[in-house]
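Here is a short report on the fold, the surface and the packing of one protein. Please look at the sequence and the structure first.

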Amino acid sequence: MDKKTLKILEDKLLEEKAKHEEELSRFAKRNPQNEDDFNADFPQLGEKEDENASEVAEYSKDLTLERTLEASLKDVNKALERMKDGTYGICKYCSKPIDEKRLMARPTSTSCIDCKKLFTE
Ligand SMILES: [Zn+2]
């Protein structure tokens with residue numbers, strides 16, 4: 001992969017990282033011990049019974065979103081690490097280079113299209 005393509009992909013990854021972190025920071029706090037871990041804040045709406053119920057509903061929605069965003073963030077961070085150690089863009093199953101078009105569409109891809117088909121069908 002040429003340096004220019006790699007740079008474009010790195011920018012895409014950094015952009016995604018910032019977006020996920022921004023979204024998470026709206027309702028969760030970063031664990032100071034582990035930068036990949038976020039904890040959703042428990043919403044405080046009030047003390048009435050229906051308010052408590054809404055809090056729980058809100059919280060469980062946040063937890064689901066938190067897990068989704070956290071997983072995406074981890075994928076992005078892993079991809080950035082692979083860029084640093086030079087294994088980025090290599091299929092984890094067959095060790096062949098992943099198609100650049102595939103990486104452009106999904107910069108966190110870790111497998112080529114052939115292997116993806118093989119392992120998901
Ligand atoms: Zn492969």
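The text below moves from the overall fold to the surface and then to the cores.

The model is predicted. The protein holds four helices and two strands. Along the sequence they run α-β-β-α-α-α. Its radius of gyration is 18 Å, well over the 14 Å that the globule rule gives for 121 residues, so the protein is more spread out than a compact globule. Along the principal axes, the C-alpha atoms fill a box of roughly 60 × 30 × 25 Å.

Some whole-protein values follow.

| Property | Value |
|---|---|
| Buried share of the 121 residues | 31% |
| Share of contacts with a separation of 6 or more that join residues 24 or more positions apart | 48% |
| Exposed area | about 8,400 Å² |
| Share of the exposed area from carbon and sulfur atoms | 52% |

Charge comes next. The protein carries 23 positive and 28 negative side chains. The centres of the two sets lie 8 Å apart.

Now the interior. Which residues make up the largest nonpolar core? There are twelve: L9, L13, V76, A79, L80, M83, Y88, C91, I98, L103, C112 and C115. Helices α1 (3-25) and α2 (49-85) each supply at least two of these residues. The largest share, four residues, comes from α2.

L9 belongs to this core. Beyond its neighbours within four places in sequence, L9 is in contact with M1, M83, Y88, L103, M104 and P107.

A second, separate core has seven residues. Among them are L24, A28, F38 and L69.

Definitions and conventions
Residues numbered from 1 in each chain as written. Predicted model: local features only at pLDDT ≥ 70, side-chain atom pairs only at ≥ 80, totals over all residues. Heavy atoms only, no water. Rg over C-alpha atoms; globule rule 2.2 N^0.38 Å. Buried < 20%, exposed > 50% of the residue type's maximum accessible area, 1.4 Å probe, protein only. Contact = heavy atoms within 4.5 Å. Areas by Shrake-Rupley, 256 points an atom, 1.4 Å probe, with all protein chains shown as cover. Lys, Arg positive; Asp, Glu negative; His and termini not counted. Charge placed at Lys NZ, Arg CZ, Asp CG, Glu CD. Core = buried A, V, L, I, M, F, W, Y, C linked by side-chain atoms within 4.5 Å.
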